[in-house]
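Here's a quick briefing to read alongside the model. Have the sequence and the 3D view open as you go.

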Amino acid sequence: MNCLYFTRKLLNVLSIKINYCVYIIKILKQKIMNTNNRVQLTGNLGSNPEIKTFDNGNKLARFSMATKEEYTTRSGEKASDTQWHYIIGWGKMADRIEKDLQKGSFVSIEGKLVSRSYTDKNGQKKYVTEIVANDLIVNQKAA
């Protein structure tokens, strides 16, 4: 009788663990199936942030950021490629950018990639791709 009791308890525990594993697998499948718009960049500010406060009190911070990739060519020469990115931050993120960043700051940014278009003063349609920051870390350059 003791053996039968413990066998049933063990099967019950295993059943719970299996159901939990199936649940976790379903969650992971959902996360993998969903698309994700997430960008992480580490680089230097190319200019002081431009801060704009709107009539409704909303604040926008905007700046350019350079990332540099160093690599070795097929011929063995060292080379580098610098890319420029446009970063914006709204509200509290704009406050942090205004307080903590300046031209040359070495920073890590996390956010999402956003593309938009507008018509300039001359009637020309312009396209812009920028990163909307939702987190930042001010880094110290390694000596």
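A quick bit of vocabulary: buried means under 20% relative accessible area, exposed means over 50%, and partly exposed covers what's in between. By that cut-off E130 is buried, because its relative accessible area comes to just 5%. Keep in mind that this is a predicted model. The protein chain has 2 helices and 6 strands, and from the N terminus they run α-β-β-β-β-α-β-β.

**The chain overall**
- Of the 143 residues in the protein chain, 22% are buried.
- About 11,500 Å² of the protein chain is exposed, with carbon and sulfur atoms supplying 52% of that area.
- Taking contacts with a separation of 6 or more, 56% are between residues 24 or more positions apart.

**E130 and its partner R116**
- E130 sits in strand β6, which spans residues 125-138.
- The side chains of E130 and R116 meet in a salt bridge, 2.8 Å from N to O.
- That pair links distant parts of the chain, with E130 in strand β6 and R116 in strand β5, 14 residues apart.
- R116 counts as partly exposed, at 34% relative accessibility, whereas E130 is buried.
- Setting aside neighbours within four places in sequence, E130 is in contact with R62, Y86, I88, K112, L113, V114 and R116.

**Other salt bridges**
- The structure holds 8 salt bridges, and one of them joins R38 to E110, with the closest N and O atoms 3.6 Å apart.
- R38 lies in the loop between α1 and β1 (39-45) and E110 in strand β5, so this pair ties together parts that are 72 residues apart in sequence.
- E110 is partly exposed, at 25% relative accessibility.
- D95 pairs with K59 in a salt bridge whose closest N and O atoms are 3.1 Å apart.
- This one also links distant parts of the chain: D95 belongs to helix α2 and K59 to strand β3, 36 residues apart.
- K59 counts as buried at 18% relative accessibility, while D95 is partly exposed at 36%.
- K59, D95 and E98 are joined into one network by salt bridges that share partners.

**Helix α2, two faces**
- Helix α2 covers residues 92-100, and its buried residues are M93, A94 and I97.
- Looking down the axis of α2, those buried residues fall within an arc of 100°, so they line one face of the helix.
- What do they pack against? The buried residues of α2 pack against β2 (50-53), β3 (59-72), β4 (78-90) and β6.
- Turned away from that buried side is the face of α2 carrying the exposed residues K92 and K99.
- K92 has a relative accessible area of 72%, so it counts as exposed.
- K92 and N58 are 34 residues apart in sequence, with their C-alpha atoms 9.4 Å apart in space.

**S105 in the loop**
- S105 is placed in the loop between α2 and β5 (106-119), yet S105 is buried, with a relative accessible area of 12%.
- A polar atom of the S105 side chain lies 2.8 Å from the backbone oxygen of Q102.
- Not counting residues up to four places away in sequence, S105 touches G43, N44, L45 and D100.

**A nonpolar patch on the surface**
- Y23, I24 and L28 make a nonpolar surface patch of about 280 Å².
- I24 is found in helix α1 (residues 2-33) and is partly exposed, at 32% relative accessible area.

Notes
Residues numbered from 1 in each chain as written. Predicted model: local features only at pLDDT ≥ 70, side-chain atom pairs only at ≥ 80, totals over all residues. Heavy atoms only, no water. Patch = residues over 30% accessible without salt bridge, like charges linked within 9 Å, V, L, I, M, F, W, Y side chains within 5 Å. Areas by Shrake-Rupley, 256 points an atom, 1.4 Å probe, with all protein chains shown as cover. Salt bridge = Lys/Arg side-chain N within 4 Å of Asp/Glu carboxyl O. Helix = DSSP H or I, 4+ residues; strand = E, 2+ residues; numbered from the N terminus. Buried < 20%, exposed > 50% of the residue type's maximum accessible area, 1.4 Å probe, protein only. Contact = heavy atoms within 4.5 Å. Arc of directions from axis to C-beta. Polar contact = N/O pair within 3.5 Å; in protein donor to acceptor, adjacent residues only side chain to side chain.
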